[in-house]
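Work through the exercises below with the sequence and the model open. Each task is followed by a solution in steps.

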Amino acid sequence: MLKPGKTYEEIYQNFKWEIPEYYNIGEDICDKWATQRHRLALIYRDQDGKEQKYTFWELKNLSNQLANVLSANGIMKGDRVGILLPQCPETLISHISIYKLGGIAVPLFILFGPQALEYRLGNSQAKGVITDRVNLPKILEIRDSLPNLKIIMVVNSEGIESVLDFWGSIEKASRYFTLVSTKAEDPALIIYTSGTTGPPKGALHAHRVLLGHLPGVEFPHNLFPKEGDFFWTPADWAWIGGLIDVLFPSLHHGVPVLAYRATKFDSEEAFYLIAKYGIRNSFMPATALNMMRQVENPKERYDYKMRSIGSGGETLGEGLLEWGKEIMGLEINEFYGLTECNLVVGNCAEVMKPIRGSMGKAIPGHMVEIINANGEVLKSGEYGEIAVKSPDPVMFLGYWGNPEATKGKFIGDWLRTGDMGKKDKNGHFWFVGREDDVIESGAYRIGPGEVEDCLMRHKAVALAAVVGVPDKIRGEIVKAFIVPKEGVEVNKALEDELKQFVKTKLEAYAYPREIEFVRDLPRTTTGKIMRKELRKMDMERKAEGKS
């Protein structure tokens, strides 16, 4: 836990890792609080608005029962178990149980199709999978192609043969379970990358990954936890952002979490939930914040008072940060990380003045620099690749079954993020873009995030994404894909207006020389814009003569 300090420098310099030899995530986020029998851990709200509350004591008993069931059905230390469930109590209980018996959890997103599930369950050689009736058909469709899959457990499996019933099995099991001893370095979970630059790779994390995450959660959430804190995120628990940026750290600190995720994010509903439950802390992706930004007069209609909002994965931009201060009453703290090594750079408005456009400084406990292709640390202001020095407790053990890819992720002691940026003389990091997202137009390097932020401030724009497309003269030019706000008339006049807007608000050379209006933008399942798909779309349409 971060020690209090008046300045960033005090906190960073005084921080020391305390990683025990033996450590288990399941015990940490559940059992250690269970002696306080009535301590609230989770409030679950279903799609119909019905609520269920769970204490740490109840979660301990239920997870012990499930661990006994899984053990009785052959799940042993080191076995992989997929969890194909939404934000719900069964998801949390499954995670705790798998860790307690020394297994390896494989979180799976419920919007994955059969092919995506087949790849991940097959690649991880999962021995079991826990799911529900809605998602079961996808598992049954691929079952014959998964020879390692021995157990299928289903929430509410009434009438379904050859599967284990989640709650029915738990009810018959003992509440007493002997925790399997695990070291902090033992593997705990596999989280698959989004696969935007190739086949998904399974990032294998050790139990220590939760301890490694703690400074990166506490810092951007203004020295979390504080009295009265209550966490919620619309991000799915199948991803590192929802699972280890929110759920696990909150429970580690004994802070309750709201479990609710709609099929489709609704910005009005988000304000309603924040007000109804008194949510004080949230991880909100930039896309969700931009949607909430469209809500009219929320302060007049909802009674909310949040303490912290952290956001990462996409550049926030000046307009969104100003909205955060005016409407949410706080400074949105931007942070940075990746599935393989998460939450290593961030802002903390409580101890440092956020510099607009910067991702922040190195989170206490992490050594982050800008390096060149030879792994040499660059000087302040020089452009290069963001890298994190190993060893580091938040860093992955490697890609599951892929030692070559693991080796390629490092250069010397530096983990290469694949993200380009720079670090100023005061230690602030500035994100420029993915290595293949940076637009090189003539003599200029243009980061897509800055242009997107500029476009988002125009009254006609709901969403914007920018990519570089081939040009015979400049090598590349900026092209913008724009989702207009409802009711906006799309025409040549609007296109010219947007170009001029960027010219005058940003830099003349950075304006989009091409603009295409679209109904939606392709995104990964975590909500990040898939610029690779936009470049592909541009090439295909130009080949067809449509653009």
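## Exercises on a predicted model

The residues buried in α4 are Pro-89, Glu-90, Thr-91, Leu-92, Ile-93, Ser-94, His-95, Ile-96, Ser-97, Ile-98, Tyr-99 and Lys-100. The model is a predicted one, and the exercises start from this helix.

**Exercise 1.** Determine how much of α4 is covered, and check its length against the expected span.

Solution. Step one: 12 of the 12 residues of α4 are buried, which makes the helix mostly covered. Step two: at 1.5 Å a residue, the 12 residues of α4 should span 16 Å. Step three: the C-alpha atoms at the ends of α4 are 17 Å apart, which agrees. Just after the helix, Gly-102 has a positive phi of about 80°.

**Exercise 2.** Classify the packing of α4 against α9, and list the residues that make the contact.

Solution. Step one: α4 (residues 89–100) and α9 pack at an angle of about 75°, with their axes 13 Å apart. Step two: angles of 65 to 115 degrees count as roughly perpendicular, and α4 and α9 are therefore roughly perpendicular to each other. Step three: α4 contributes Leu-92, His-95 and Tyr-99, while α9 contributes Leu-243, Leu-247, Phe-248 and Leu-251. Step four: by type, these residues are six nonpolar, one polar and no charged.

**Exercise 3.** Do the same for α8 and α9.

Solution. Step one: α8 (residues 209–218) and α9 (residues 240–252) pack at about 90°, and their axes are 9 Å apart. Step two: this pair is therefore roughly perpendicular as well. Step three: on α8 the contact uses Val-209, Leu-210, Leu-211, His-213, Leu-214 and Val-217, and on α9 it uses Ile-240, Ile-244, Asp-245, Phe-248, Pro-249 and His-252. Step four: the residues of this contact divide into nine nonpolar, two polar and one charged.

**Exercise 4.** Which residues have the most contacts inside the largest nonpolar core?

Solution. Step one: the core has 91 residues, and those with the most contacts inside it are Ile-25, Leu-92, Leu-189, Ile-244 and Phe-248. Step two: beyond its neighbours within four places in sequence, Ile-244 is in contact with Leu-189, Ile-191, Val-209, Leu-210, His-213, Val-217 and Pro-249. Step three: a second, separate core of 30 residues includes Tyr-277, Met-284, Leu-289 and Ile-309. As background, nonpolar side chains tend to be buried together in soluble globular proteins.

**Exercise 5.** Is His-253 buried or exposed, and what does it touch?

Solution. Step one: His-253 sits in the loop between α9 and β11 (257–259). Step two: its relative accessible area is 12%; the cut-off for buried is under 20%, so His-253 is buried. Step three: not counting residues up to four places away in sequence, His-253 touches Met-1, Trp-33, Arg-39, Leu-214, Glu-218, Phe-224 and Pro-225.

**Exercise 6.** Locate the backbone exceptions around Pro-225 and Leu-223.

Solution. Step one: most residues other than glycine have a negative phi, and most peptide bonds are trans. Step two: Phe-224 and Pro-225 are joined by a cis peptide bond, with omega about 0°. Step three: Leu-223 is not a glycine, yet has a positive phi of about 60°. Step four: Pro-225 is in the loop between α8 and β10 (231–232), and Leu-223 is found in the loop between α8 and β10. Step five: Leu-223 counts as buried, at 17% relative accessibility.

Conventions: Residues are numbered from 1 along each chain as its sequence is written. This is a predicted model: local features need pLDDT of at least 70, side-chain atom pairs count only at pLDDT 80 or more; totals for chains, interfaces and linings use all residues. Side-chain values use heavy atoms; hydrogens and water are left out. Axes are lines fitted to C-alpha atoms, for helices over the stretch in contact, and angles run from 0 to 180 degrees between N-to-C directions. Helices (H or I, at least four residues) and strands (E, at least two) are DSSP runs, numbered from the N terminus. Angles under 35 degrees count as roughly parallel, over 145 as roughly antiparallel, 65 to 115 as roughly perpendicular and the rest as oblique. Contact means heavy atoms within 4.5 Å. Ala, Val, Leu, Ile, Met, Phe, Trp, Tyr, Cys and Pro count as nonpolar, Asp, Glu, Lys and Arg as charged, and the others, Gly among them, as polar. The expected span of a helix is 1.5 Å times one less than its number of residues. Buried means under 20% relative accessible area, exposed over 50%, partly exposed in between (1.4 Å probe, protein chains only). A nonpolar core is a set of buried Ala, Val, Leu, Ile, Met, Phe, Trp, Tyr and Cys residues joined through side-chain atoms within 4.5 Å.
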